[in-house]
Structure formats: C-alpha cells, structure tokens
Amino acid sequence: MSKLSFNHLLEANQIKESDIKKLITLAEKFRKQGYKKTFLDADCSGLILATLFFEPSTRTRFSFESAMLRLGGKVIALEQGESSSVKKGESLSDTGRVMSNYADIIAIRHDKANSAAEFAKYATVPVINAGDGANQHPTQSLVDIYTIFCEKKKLNNLKIGILGDLKYSRTVHSLLELMSHYSGNQFTLISHPSLALDAKKKKAFEKNGCKIVENSNLESAIKDLDILYVTRIQQERFTDAKEFEKVKNVFRISKKTLTKAKKDLIIMHPLPRINEIDEEVDHLPCAKYFAQANYGIYIRMALLTLMTKN
Ligand code: NCD
C-alpha cells in the first residue's frame, strides 16, 4: 500500500485526488470488513495516537480514538487542554517538540487559526489538524467526501447547497476546497449576509473550476440540489453576542422546507446540530447526518493507517 502525498495533514488543499482515491479504497475495505475483523488485522498495532483537544469535540476526537483502538493501536488524550502545560503558558511549539516523544501520530484541535501548522513545525511525528479556529478542518472534509461517495456514488456533477455559517464554519472551508476540484460541481451558498463566505475564499474556490452562486432564499435554492450541507452557527467565534442573536434562528430545515426538494436530495451536517434541522427530519430517508458520523470512523481508520505507513 502506498503512502499519501503529505506527512502532516494541516489544510484541505494538501489532499490530492490520488490521496482521496487511496483513502476511500481503504475506508471501503474497513467498512465492508466490519469492526471486529479490522481489529484483528491490527494495521496500527504498537502505535500510539495522542489527541490534544483544546476545544470541545465529540465526533472528531472519539472517532479518531476509536479508529486507533480498532486498528490495534493505543491512545493518549488531553482533556480540553485544561490538564496540559499549555494552561501554564507553555507554547504550542514546545508542546509539539515533547509530544513527539510520546506518540507516533498526533491529532490537535485549537481555537487559533494555523495553530496545527505551528505545532507541526516542531513535531517529528505526523500531525493532523482536527480543527484550527474558523480556518480548516481537513479530516471532516474527508468524512464529508466519503459520505458523498457512499451516498451518491460519485464526486462530480453535483449541485451542493451549503447553508448556515459560511464565514466561521471551518468544515465549509475545507469541504469547498476539496469538492471544488471535481468537475461539474456547482455550489449554492445560502446564508445570512453577515455570515457569507469570504469573497477572497470564494474566488479561490472558483479558480479551482467550480461554479458558485449565492441565494439566501432557501425555498428557491433547495429545488434542484443533490446535497444540502447544513452547518451550525458558530456561536463561539462571535465577538458581539448581539450579532449572534440576530442570526441564530434565520434558517431551520423542517419537513415543510423539503416539499420542493428533489426526491434523492441528501442532507448532511458535520454535527453538532443545535436547532438548524428539526428533529422530524431525522426519520426521513434524506437525513444522512448520523450516517455521516458513522462513515467518519472508516475514513479516519484509513487516514491513520496510511499516515503511519513508512
Ligand atoms: C464541527 C467542528 O468542530 O468544526 N464539528 C465536527 O468536527 N464534527 C462543526 C461544528 O462544530 O459546528
């Protein structure tokens, strides 16, 4: 099995189409095998994953940890950064230097943009950015692209609506980066004007070859979508609480919202969901956000396996 084109995974733009192919192929193998057999195969036995999470997480952290355990490896973890020396004022670079002695691969989440890159400069083992502020979340975009592959059987010629917080949502930035390279994809951006995608980012994604339109009218935007990717309004990134209050309830997906949608529309969400999707939608066949969390385990197993191969 060949390795991936990167040593550290810090930004989605490092991930080449050939990497995605390798990761999906291996994730499919794991998914078809089921957990138990995978554990016996022990692709990462003898290896240690360190998870350094300075921001809250459920899916990313636990799916990484579960993936490593299922691969026969071991996990050491930091709880919300509270118990580490970073709390005492130690720099991320010093933490990076020492943590490399204790683990074979490190996943880090931090509230500052580029923190994972800073950490990786001093680490001597592979580093995975598990979310750096409002900047990037490249492994969530791998989860997303794998979900699209499993549910739509293709990665191109798709009409994808992206709804919610396009300004601060790191998962949106990473997903657009990955999916904009595949031919024929068209994105419809649906947000409150104050949470629109940064114009510079939008231009850069268009340069990758995709078409991007903006339409803040959800009812008309939803009509011809293949995928609706919903995001949470990222409350923790707002500096003014009043601004958050203005935008927190602008969009809510209910059964009624979906009456004009295509029959084979799928709804994705990186989760956590707050109130942007009504629970009545969870039981519809289009609701794929919990399946998406499940696909995450296989693609992260594939990522850990390939990133630790010499
Ligand atoms: C996302 C994140 O942390 O950016 N969650 C996740 O990793 N599944 C999305 C979010 O918090 O809204």
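A residue is called buried here when its relative accessible area is under 20%, exposed when that area is over 50%, and partly exposed in between. With that scale in hand, the side-chain contacts of this predicted model can be walked through one group at a time.

A good place to start is the salt bridge between R252 and D278, whose closest N and O atoms are 3.3 Å apart. This pair links distant parts of the chain, with R252 in the loop between α10 and β9 (266-268) and D278 in the loop between β9 and α11 (289-307), 26 residues apart. The two partners fall into separate classes of the scale: D278 counts as buried because its relative accessibility is 19%, whereas R252, at 42%, counts as partly exposed. Elsewhere, salt bridges that share partners join E28, R31 and K32 into one network.

In total, the model holds 18 salt bridges. One of them joins R237 to E55, with 2.8 Å between the closest N and O atoms. Here too, distant parts of the chain are linked: R237 belongs to the loop between β8 and α10, E55 to the loop between β1 (48-53) and α3 (59-70), and 182 residues separate the two. Both R237 and E55 are buried.

The salt bridge between R97 and D94 offers a local counterpart, its closest N and O atoms lying 2.7 Å apart. Both residues are part of helix α4 (residues 92-99), where a spacing of three residues amounts to about one turn of the helix. R97 has a relative accessible area of 42% and is therefore partly exposed; D94, with 32%, is partly exposed as well.

Attention now turns to the aromatic rings, for which the count comes to four pairs. Among them is the pair of Y168 and F238, which is tilted, with 5.3 Å from centre to centre and 55° between the planes. The tilted label applies because an angle of 55° is neither under 30 degrees, as stacking requires, nor over 60, as edge-to-face requires. Y168 sits in the loop between β5 (159-163) and α7 (170-179), and F238 in the loop between β8 (227-230) and α10 (241-247), so this pair links parts of the chain that are 70 residues apart. Y168 has a relative accessibility of 18% and so counts as buried, and F238, at 16%, counts as buried too.

F238 also pairs with F244, this time edge-to-face, at 5.5 Å centre to centre and with 70° between the planes. F244 has a relative accessibility of 10%, which means that this ring-bearing residue is buried. Taken together, Y168, F238 and F244 make up one aromatic cluster.

Rings meet charges as well. The charged end of R61 sits over the ring of F62, 4.9 Å from the ring centre. For R300, the charged end sits over the ring of F64, at 4.9 Å from its centre.

The loop between β8 and α10 thus appears in two of these descriptions: R237 lies there and is linked to E55, and F238 lies there and is linked to Y168.

Definitions and conventions: Residues are numbered from 1 along each chain as its sequence is written. This is a predicted model: local features need pLDDT of at least 70, side-chain atom pairs count only at pLDDT 80 or more; totals for chains, interfaces and linings use all residues. Side-chain values use heavy atoms; hydrogens and water are left out. Rings of Phe, Tyr and Trp (its six-membered ring) pair if their centres lie within 6.5 Å; planes under 30 degrees apart count as stacked, over 60 as edge-to-face and the rest as tilted. Helices (H or I, at least four residues) and strands (E, at least two) are DSSP runs, numbered from the N terminus. Buried means under 20% relative accessible area, exposed over 50%, partly exposed in between (1.4 Å probe, protein chains only). A charge sits over a ring if NZ of Lys or CZ of Arg is within 6 Å of the ring centre and within 35 degrees of the ring normal. A salt bridge is a side-chain nitrogen of Lys or Arg within 4 Å of a carboxyl oxygen of Asp or Glu.
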